[in-house]
Amino acid sequence: MLDTHARKYVQPSIEHTSKWLTKRGLTPNQVTVIAFIIGVSAGVLYGSGLPIVAVLALWLSGFLDAVDGTMARMTQPSGFGTVMDITFDRVVEISIILGIAYVHPEMLWPLLLLSVSIIFSMTIFLTVGAVSDKQGVKSFYYQTGLAERSEGFILFSIMMLFPSILLWSTLAFFIIELYTGLQRFMEAKRILS
């Protein structure tokens, strides 16, 4: 939701950074790899007892993830770049969930539910993107929903920064992600039937 409706407010800084990195000779795929390394380190940092640094790393990774897409659209987008971007996004999310599970092993079941809801929602998202003829700003049809990447980052941040409400924030994330999956499923029925 925020990615769709609030992106216009941060897009100028994303474009400025994209141009700056492009002028220094970086490719979109190189920025994707940098974002991936920083994002995966967020889970490791959280597991090491540094939740604030982990959250900062997560958001820096997310910003660079937006920058690489803008760089690709400014230069030459590649199909492999899209595959790498989406795959690395999921690995970053897995890293955060594993980091939280390492610190809070008593939360394995809620974290498992959250993981299942992310798989459910992303399966619909990617399948609709693959079979849909529609094209969006991105290289495939991008289904919107209640929980997009920014909402996920906000909820991951709450989970990492406020362990006293970890159970409830994880369950809230699970419900929101499940609802998003159902939203996307119903949209798929409408546009693909």
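Me: Which residues line the largest cavity?
Reply: The model is predicted. The count comes to 1 cavity of 30 Å³ or more. The largest cavity is lined by Thr32, Ala35, Phe36, Ser61, Asp65, Asp68, Asp85, Phe88, Asp89, Val92 and Arg149.

Me: Which element gives the most to the lining of the largest cavity?
Reply: The largest cavity has a volume of about 50 Å³. Elements that give two or more residues to its lining are α3 (28-47), α4 and α5. With 4 residues, the one that gives the most is α5.

Me: What is the N to O distance where the side chains of aspartate 89 and arginine 149 meet?
Reply: A Lys or Arg side-chain nitrogen must lie within 4 Å of a carboxyl oxygen of Asp or Glu to make a salt bridge. The side chains of aspartate 89 and arginine 149 do meet in a salt bridge, and the N to O distance is 3.3 Å.

Me: How many residues apart in sequence are the parts that aspartate 89 and arginine 149 tie together?
Reply: The two side chains form a salt bridge. Aspartate 89 sits in helix α5 and arginine 149 in helix α7, so this pair ties together parts whose separation in sequence is 60 residues.

Me: Is arginine 149 buried or exposed?
Reply: The cut-off for buried is under 20% relative accessible area. Aspartate 89, the salt-bridge partner, is buried. Arginine 149 has 15% relative accessibility, so this residue counts as buried.

Me: Why are arginine 90 and glutamate 93 separated by about one helical turn?
Reply: Their side chains meet in a salt bridge at 2.9 Å, N to O. An α-helix has 3.6 residues a turn, so residues three or four places apart point the same way. Arginine 90 and glutamate 93 are about one helical turn apart because both lie in helix α5 with a spacing of 3 residues.

Me: What is the relative accessible area of glutamate 93?
Reply: Buried means under 20%. Arginine 90 falls below that cut-off, with 19%. Glutamate 93 is buried too, and its relative accessible area is 13%.

Me: How many residues apart are arginine 149 and glutamate 93?
Reply: The side chains of arginine 149 and glutamate 93 meet in a salt bridge at 3.9 Å, N to O. This pair links distant parts of the chain, arginine 149 in helix α7 and glutamate 93 in helix α5, and the separation is 56 residues.

Me: Which residues are linked in a network of salt bridges?
Reply: The count comes to 5 salt bridges. Arginine 149 bridges to aspartate 89 and to glutamate 93. Glutamate 93 also bridges to arginine 90. The linked residues are Asp65, Asp89, Arg90, Glu93 and Arg149.

Me: Which elements give two or more residues to the lining of the second largest pocket?
Reply: The second largest pocket has a volume of about 160 Å³. Its lining includes Arg90 and Glu93, along with Ser115 and Thr123. The elements that supply two or more of the lining residues are α5 (79-103) and α6 (108-131).

Me: What distance separates the end C-alpha atoms of α7?
Reply: Helix α7 runs over residues 149-161. With 13 residues at 1.5 Å a residue, α7 should span 18 Å. The model agrees with that, because the end C-alpha separation is 18 Å.

Me: What is the accessible area of the nonpolar surface patch formed by Ile52, Leu56, Leu161, Phe162, Ile165, Leu167 and Trp168?
Reply: At least two residues of the patch come from each of α4 (51-74) and α8 (166-192). Another member is Ile165, which lies in the loop between α7 and α8. Together the patch residues have an accessible area of about 710 Å².

Me: Is isoleucine 165 buried, exposed or partly exposed?
Reply: Buried ends at 20% and exposed begins over 50%. Isoleucine 165 has a relative accessible area of 38%, so this residue is partly exposed.

Me: What separates the C-alpha atoms of isoleucine 86 and aspartate 65?
Reply: Isoleucine 86 is found in helix α5. This residue is buried, at 15% relative accessible area. Along the chain, isoleucine 86 and aspartate 65 are 21 residues apart, and their C-alpha atoms are separated by 9.7 Å.

Terms used: Residues are numbered from 1 along each chain as its sequence is written. This is a predicted model: local features need pLDDT of at least 70, side-chain atom pairs count only at pLDDT 80 or more; totals for chains, interfaces and linings use all residues. Side-chain values use heavy atoms; hydrogens and water are left out. Patches are made of residues with over 30% relative accessible area and no salt bridge: like charges are joined within 9 Å, nonpolar side chains (Val, Leu, Ile, Met, Phe, Trp, Tyr) within 5 Å. Accessible areas come from the Shrake-Rupley method with a 1.4 Å probe; for residues, only the protein chains shown count as cover. Buried means under 20% relative accessible area, exposed over 50%, partly exposed in between (1.4 Å probe, protein chains only). The expected span of a helix is 1.5 Å times one less than its number of residues. On a 1 Å grid over the protein atoms alone, a cavity is a set of points where a 1.4 Å probe fits but cannot get out, and a pocket is an open set with protein on both sides within 12 Å along at least five of seven lines; lining residues have an atom within 4 Å of a point. Grid points are joined across faces, edges and corners, and a volume is the space filled by probe spheres set on the points.
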